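Biologist: I would like a close look at a single part of this chain. Please walk me through it slowly, and then set it in the whole.

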Amino acid sequence: RSKDNPSMLGPAQMKWLKQTLKKPATFTVFCTNVPMTPKVKPGSKDTWDGFAAERQKIFQFISDQKIPGVIILSADRHRSDAYKIDAGIDGMYPLYEWQSSRLTNQHVHGLIKHSLFGYNEKQSFGRVDFDLKAADPTVKYTIINIDGKPIHNLTVKRSELQFK
C-alpha cells in the first residue's frame, strides 16, 4: 500500500477475494463494510470512493473472469439505499449495491440523488431474500423501518446479472 496507490484490501485480502469471486454460485454476495458505489462520498477514505483504482480493478476482474450474479451489500451510511452501478466496462451487467442503515440511533444523513431509492426518516435495516427455485432465480432487497414496515424494495433476476 502506498500513498500514490492506496488500498482498501491489501494483497492478501485481494488474492482471497479473487479466488472467492471465481467460485461458482447462482448469486455471489460481495459484502463490504463501507459503500462501493461511486460518488457516495467522493474522495473520502471512509468509502470505496477513496480507493477508486482498486474498486475499478475489482470490477474489471469480475468482467475479465465473466463472473455472473454478483450483488453488493454494504453499510455505514446512517440510511438505507439501493444503487445500480455502471462499471463503465463494455459488456458488463450493472452491479446492484444495497446498503443497510443502523438500528441503534437516529442520525440522519441526506439521501443521495443518484440512488435508486433511499430511506432515512427512521432507523431501518435491509432484508435480502433469495428465490433460488424460480426458473430465473431472484434476489430481493427490502428496506424495513424500525416499526417493521416495508418501505422500498427491488427484485433483481439472475438473468439481469450475466454477460452478453
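What follows is a close look at one helix, then a strand that it packs against.

Biologist: Take α2, please. How many residues does α2 have, which of them are buried, and what do they pack against?

Modeller: One caution to begin with: this is a predicted model. Now the helix. α2 covers residues 52-64, which makes 13 residues. From its first C-alpha to its last, α2 reaches 18 Å. That is close to the expected span, also 18 Å at 1.5 Å a residue.

Next, its buried side chains. The buried residues of α2 are E54, R55, I58, F59, F61, I62 and S63. Look at the spacing along the helix. Residues three or four places apart point the same way, because an α-helix has 3.6 residues a turn. Read the list with that in mind: E54, I58, F61 and I62 are among the buried residues. R55, F59 and S63 are on the list too.

What do these residues touch? They pack against one helix, α1 (10-21). They also pack against four strands: β1 (28-31), β2 (70-74), β3 (80-85) and β4 (95-99). Just past the helix comes K66, with a positive phi near 55°.

Now follow one of those partners, β4. Its cover is easy to state: 5 of its 5 residues are buried. Both faces are covered. L95, E97 and Q99 lie on one side. Y96 and W98 lie on the other.

β4 also pairs with two other strands that the helix packs against. With β2 the sense is parallel, over 4 bridges. There, I72 stands opposite E97. With β3 the sense is antiparallel, over 5 bridges. Here Y83 has E97 as its bridge partner. E97 thus appears in both pairings, opposite I72 and as partner of Y83.

Finally, the whole chain. It has 2 helices and 8 strands. From the N terminus on, they run α-β-α-β-β-β-β-β-β-β. The radius of gyration is 16 Å, close to the 15 Å that the globule rule gives for 164 residues, so the chain is as compact as a globular protein of that length. Its C-alpha atoms fill a box of roughly 45 × 40 × 25 Å along the principal axes.

Buried residues make up 43% of the 164. Of the contacts between residues at least 6 apart in sequence, 59% join residues at least 24 apart. The exposed area is about 9000 Å², and carbon and sulfur atoms supply 52% of it.

Terms used:
Residues are numbered from 1 along each chain as its sequence is written. This is a predicted model: local features need pLDDT of at least 70, side-chain atom pairs count only at pLDDT 80 or more; totals for chains, interfaces and linings use all residues. Side-chain values use heavy atoms; hydrogens and water are left out. The expected span of a helix is 1.5 Å times one less than its number of residues. Buried means under 20% relative accessible area, exposed over 50%, partly exposed in between (1.4 Å probe, protein chains only). Contact means heavy atoms within 4.5 Å. Two strands pair if DSSP finds at least two bridges between them. The radius of gyration is taken over C-alpha atoms; the globule rule is 2.2 Å times the number of residues to the power 0.38. Accessible areas come from the Shrake-Rupley method with a 1.4 Å probe; for residues, only the protein chains shown count as cover.
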